[in-house]
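Grab a coffee and take a look at the structure below. We'll walk through it topic by topic, starting with a single residue and working outwards.

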Amino acid sequence: MKIGNVDVKVSILAIAVFVIFTILVIIASIYSPAVRSHLIWLVPVLFMLIILPVALNYMSQRQYADLRPEYERQAKTVRVRLINESMIGKIVRIEGVVEHARFQFLNRPQYSVADRTGAIPVKMFTNPEEDIKVNDIVEVLGQVIRRYIVTGDPIINCVSIRKTGKKPGN
Amino acid sequence: MSTTDSEGAPSQGAGRYFEAAVPIIAFGVTGVGILFWSAGYPVDFQYVSIGCTISSFILAYLAWIRPRKDIVALSTPIYGIVFLATPIEAAAGAVLQLLYAAGLTVLLFRLKRRFSAGMGRPAALSSDEPLGKYQARILAEMPAVSPALALAAARIFIRFSEGEYDESGRLASTVPEVAAGTAPHLLAQAFAIISFQAGRMGEKESVPGEYPVFSAEEQHLLFFPLPDSTDKERAYSLQLDNALVLLYVVALRCTETEIQVSLDRLCLFARRLVGE
């Protein structure tokens, strides 16, 4: 779904929650007249269950789009092995192959991107601009953060992940 | 009897008992109070809170004897006294005291993790690990590295690890001992490699036609043997990795405390560089 220039995606989880509660409200209103009298506020609340994730996704996508040019400007291309705890907060660019891709259905994808020197987890807190799959060669722009914000090994908080090719032989 | 180790962190001897006492006393006394109360005895939870109060004082003591003071842990006795001084109804008192005991336990873990000097600090290089063996080899080969050169190596390595490649490259190209020709050739070459490659680090990676390399005669002093294959990219990045590892082990000779602390923190990075 496109709102303005922003491609908004709702996670399957948000849709599932909306569907489950809609079914529950329908069943309850069929069997209980008391529930029917509350439909006047239950229906808007149900719609909020889908509107809020859409709005949040729209806002995060807008914010990421605003950040990308700044990250493009500041990022330093580094090899994965050179990323370490002293670089927390630094904006980096890495290129590598996607080894794993998880939680894409939650709009919070986590990738493992490897170059010839090593692999590093890449977390994103919104959906990427394009569909990224395992074995895609990608360029990642992001900030080095700790895995659990205040502790843990360095990972990349991704602002942009773009396909630049496909691993040969796939 | 000392309750602290050499770093001031109470991780040995009586210190361990004090640490264990915080959750045990807080939960224990409250638990006993709850047991009596559920058995039908009249229990005044205002006074059962003495367990939490004692625990909070122990926690504050543990925070006080550390070199870095944790103001949150230090202030917990205030709440402990408030509990002891305030009459409270049994159910609410039990819940509140259990939550407070849990809070004290969380604060104890936080204290141990974030306010213990030396905690989370990687162990010094051991002679059994590859990096330690390499350090011994370099020490034997270059016994006369000057403190100034070790300091220069440390600064370059630290700046490089921070991702300050331009600064690291600039420092590597302006080492006075290299300019004066007094630095060992191997080390001078390492500076040259870092100066060259760090300067190109911001650019999209590509292997230049010509770049500084370690000579074939010096190969036995490098951590990674240089590949003789046609894999140019690997050969190029191994030159940098070898130069960085060499600088790290030389930098460890630096005697400045501040630099040593930084290098200790970067031990994990150095180990990562050598693939540990």
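**A charged network in chain A**

Let's start with Arg93(A): its relative accessible area is 8%, so it counts as buried. Keep in mind that this is a predicted model. From here we'll follow the salt bridges, then cross over to chain B and finish with the nonpolar cores.

- Arg93(A) has a charged partner: its side chain meets that of Glu139(A) in a salt bridge, with N and O 3.6 Å apart.
- Glu139(A) sits in strand E7 of chain A and Arg93(A) in strand E4 of chain A, so this pair ties together parts that are 46 residues apart in sequence.
- Glu139(A) is buried too, because its relative accessible area is 8%, and the cut-off for buried is under 20%.
- Next up is the salt bridge between Arg162(A) and Glu72(A), whose closest N and O atoms are 2.7 Å apart.
- That pair links distant parts of the chain, 90 residues apart: Arg162(A) is in strand E8 (residues 154-166) of chain A, and Glu72(A) is in helix H3 (residues 39-74) of chain A.
- Buried or partly exposed: which is Arg162(A)? Its relative accessibility is 29%, so Arg162(A) counts as partly exposed.
- Glu72(A) also comes out as partly exposed, because its relative accessibility is 29%.
- Put these four together and you get one network: salt bridges that share partners join Glu72(A), Arg93(A), Glu139(A) and Arg162(A).
- Over all chains, the structure holds 19 salt bridges.

**A buried asparagine in a loop**

- Asn127(A) is found in the loop between strand E6 (118-123) and strand E7 (136-146) of chain A.
- Loop or not, Asn127(A) is buried, because its relative accessible area is 3%.
- Its side chain makes a polar contact with the side chain of Thr126(A), at 3.3 Å.
- Leaving out residues up to four places away in sequence, Asn127(A) touches Asp7(A), Lys9(A), Asn57(A), Gln61(A) and Asn107(A).

**Where the two chains meet**

- How much area do chain A and chain B bury between them? The value is about 1900 Å², with 43% of it on carbon and sulfur atoms.
- Chain A brings 18 residues to the contact and chain B brings 26 residues.
- Arg79(A), Arg81(A) and Leu82(A) supply 36% of the area that chain A buries against chain B, more than any other three residues.
- Between chain A and chain B there are three salt bridges.
- One salt bridge pairs the side chains of Arg116(A) and Asp231(B), at 2.3 Å from N to O.
- Another has the side chains of Arg81(A) and Asp241(B) meeting at 2.9 Å, again N to O.
- Arg81(A) lies in the loop between E3 and E4 of chain A, while Asp241(B) belongs to helix H12 of chain B, so the pair joins two chains.
- Both Arg81(A) and Asp241(B) are buried.
- There are also 11 residue pairs in polar contact across the interface, counting those with both residues at pLDDT 80 or more.
- On the side of chain A that touches chain B, strand E3 (76-77) and strand E4 (91-102) are the elements that give two or more residues.
- That side of chain A divides into six nonpolar, four polar and eight charged residues.

**Chain B and its helix H12**

- Chain B has 14 helices and zero strands.
- Buried residues make up 45% of its 276 residues.
- Tyr236(B) is part of helix H12 of chain B, and it counts as buried because its relative accessibility is 4%.
- Beyond its neighbours within four places in sequence, the contacts of Tyr236(B) include Arg79(A) from the other chain, along with Phe196(B), Arg200(B) and Tyr211(B).

**The nonpolar cores**

- In soluble globular proteins, nonpolar side chains tend to be buried together.
- The largest nonpolar core here has 80 residues, and Ile94(A), Ile194(B) and Leu246(B) touch the most other members.
- Helix H12 (residues 232-251) of chain B gives the most to this core, with 11 residues.
- Not counting residues up to four places away in sequence, Leu246(B) touches several residues, among them Tyr134(B), Met142(B), Leu187(B) and Phe214(B).
- A second, separate core has 17 residues, including Ala21(B), Leu59(B), Leu62(B) and Leu108(B).

Technical notes. Residues numbered from 1 in each chain as written. Chains lettered and ligands numbered in written order. Predicted model: local features only at pLDDT ≥ 70, side-chain atom pairs only at ≥ 80, totals over all residues. Heavy atoms only, no water. Core = buried A, V, L, I, M, F, W, Y, C linked by side-chain atoms within 4.5 Å. Buried < 20%, exposed > 50% of the residue type's maximum accessible area, 1.4 Å probe, protein only. Helix = DSSP H or I, 4+ residues; strand = E, 2+ residues; numbered from the N terminus. Contact = heavy atoms within 4.5 Å. Buried area = accessible area lost by both parts, 1.4 Å probe. Polar contact = N/O pair within 3.5 Å; in protein donor to acceptor, adjacent residues only side chain to side chain. Nonpolar A, V, L, I, M, F, W, Y, C, P; charged D, E, K, R; others polar.
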